[in-house]
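This report is meant for a reader who is meeting the structure for the first time. It takes up charged side-chain pairs and then turns to pockets.

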Amino acid sequence: MLDIVGKRYWFFLISALVIIPGLIAMMVSMARFGTPLRLSIDFTGGALMELQFQQPVAPGDVRAVFVAHDYSDTMVQTTVDQRTVLVRSKPLDSATKVLIQDELREKFGPLTELRYEFVGPTVGREVTRSAALAVLAAAGAIIMYLIFAFRSVPNAIRYGICAVAAMIHDILVAVGVFSILGLALGWEVDALFLTAILTVIGFSVQDTIVVFDRIRENIPKCRGEPFELVVNRSLLETLHRSLATQLNAIFVLIAIFFFGGATMKQFVTVLIVGLLSGTYSSICNAVPLLVVWEKNEIGQFFARLRGRPAQA
């Protein structure tokens with residue numbers, strides 16, 4: 001039988017090797033930009049420009065012109081027809097604005113500027129704070145639910161805390177990877193990023209609970225067997241289901257990544273990273289953490305550091 005739980009410290013090490021670079025990137029971003037992630041105009045505000053061309057244009061082609069001038073978070077959408085676009089970007093100085101419009105005329109023909117104005121952020125501090133509070137409330141609800149749902153097994157609270165620990169792992173991985181991409185590729189956080197993170201949290205907890213539920217079923221059936229063996233067996237019994245479910249979702253997201261347009265890439269990337277992390281953490285972190293807690297391995301580790309004999 002494949003011993004996944006027995007290799008738990010290798011899995012913890014892999015998680016640390018993924019999370020630590022992300023934490024370093026967030027510290028670098030904090031030093032450079034004042035925030036752990038580069039913020040887009042959704043958070044900082046910017047410029048709103050409505051342009052009308054004499055021929056139909058594709059929003060992606062118009063956006064490419066702005067991206068070429070280092071305005072990577074620009075959003076372009078058509079309005080009344082295919083010849084009129086609404087461009088939302090960071091504030092443009094007069095010289096850059098003229099330069100970009102000249103380039104647009106060169107590529108798409110004559111254009112008319114219908115309006116140009118500065119706008120405030122669409123995602124303010126209150127919305128960001130509400131999202132953080134929603135995550136904390138969700139974590140509390142998950143713990144309470146698992147305590148109730150797993151009340152028939154010993155130490156039900158451990159299941160809730162391990163599920164939340166895996167959820168925090170997934171958030172750190174997704175945010176850390178995005179912070180690295182922000183430094184490397186100039187990616188910036190927008191309103192869709194918050195949506196993606198909340199979606200990742202949902203997927204992460206769902207997969208973890210599937211495994212925990214099988215452990216709950218197997219504990220009465222396997223009385224007398226070591227807890228570690230019961231957990232490993234439960235993990236293997238749900239492994240196929242976990243992988244099949246998550247991989248199907250990931251395949252869909254990969255297709256959207258390649259064919260969904262430039263404005264969707266960052267949103268889809270966060271979801272792909274989050275789902276991969278969620279699949280990994282539910283199998284390799286959440287369940288092994290239960291075994292570590294059950295065997296008091298953390299207490300034994302600190303006992304050895306203090307030079308005292310370890311107690312099982």
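At 35% relative accessibility, lysine 295 counts as partly exposed, a class that applies because the value lies between the limits of 20% for buried and 50% for exposed. Through salt bridges that share partners, Lys295 belongs to one network together with Arg8, Glu228 and Glu297. The model in view is a predicted one, and the values given here should be read with that in mind.

**Salt bridges**

Side chains of opposite charge can pair when their charged atoms come close. A search of the whole structure for such pairs finds 12 salt bridges, and three of them are set out in the table below, each with its N to O distance.

| Salt bridge | N to O distance |
|---|---|
| Glutamate 297 and arginine 8 | 2.4 Å |
| Arginine 115 and glutamate 50 | 3.0 Å |
| Lysine 295 and glutamate 228 | 2.9 Å |

The side chains of glutamate 297 and arginine 8 meet in a salt bridge. Glutamate 297 is found in helix α10, which covers residues 297–305, while arginine 8 is found in helix α1, which covers residues 8–33, so this pair ties together parts that lie 289 residues apart in sequence. Both glutamate 297 and arginine 8 are buried.

Lysine 295 has glutamate 228 as a salt-bridge partner. Because lysine 295 sits in the loop between α9 (265–294) and α10, and glutamate 228 in helix α8 (residues 227–259), the pair ties together parts that are 67 residues apart in sequence.

Arginine 115 and glutamate 50 form a salt bridge through their side chains. Here the link is between strands, with arginine 115 in strand β4 (residues 111–119) and glutamate 50 in strand β1 (residues 46–53), so the pair ties together parts that are 65 residues apart in sequence. How do the two partners stand in exposure? Arginine 115, at 32% relative accessibility, counts as partly exposed, whereas glutamate 50 is buried, with a relative accessible area of 14%.

Strand β1 also holds leucine 48, which is buried with a relative accessible area of 10%. Leucine 48 and leucine 92 are 44 residues apart along the chain, and their C-alpha atoms are separated by 9.7 Å.

**Pockets**

Rolling a probe the size of a water molecule over the atoms shows where empty space is left. The largest pocket holds about 520 Å³ of space, and its lining is made up of 21 residues, of which Leu37, Thr128, Ala132, Phe193 and Leu194 lie nearest the centre. Two or more residues of this lining come from each of α5 (125–149), α6 (156–185) and α7 (191–221), and the largest share, 6 residues, is given by α5. What is the chemical character of the residues that line the largest pocket? They divide into 19 nonpolar and 2 polar residues, with no charged ones.

The second largest pocket has a volume of about 260 Å³. Its lining consists of 17 residues, of which Asp73, Met75, Asp190, Leu192 and Thr263 are nearest the centre, and at least two residues of that lining are supplied by each of α2 (41–44), α7 and α9. The lining of the second largest pocket divides into 7 nonpolar, 5 polar and 5 charged residues, whereas that of the largest pocket has no charged residues.

Note on methods:
Residues numbered from 1 in each chain as written. Predicted model: local features only at pLDDT ≥ 70, side-chain atom pairs only at ≥ 80, totals over all residues. Heavy atoms only, no water. Salt bridge = Lys/Arg side-chain N within 4 Å of Asp/Glu carboxyl O. Helix = DSSP H or I, 4+ residues; strand = E, 2+ residues; numbered from the N terminus. Buried < 20%, exposed > 50% of the residue type's maximum accessible area, 1.4 Å probe, protein only. 1 Å grid on protein atoms, 1.4 Å probe; cavity = no way out; pocket = protein on both sides within 12 Å on 5 of 7 lines; lining within 4 Å. Points joined across faces, edges and corners; volume = space filled by probe spheres on them. Nonpolar A, V, L, I, M, F, W, Y, C, P; charged D, E, K, R; others polar.
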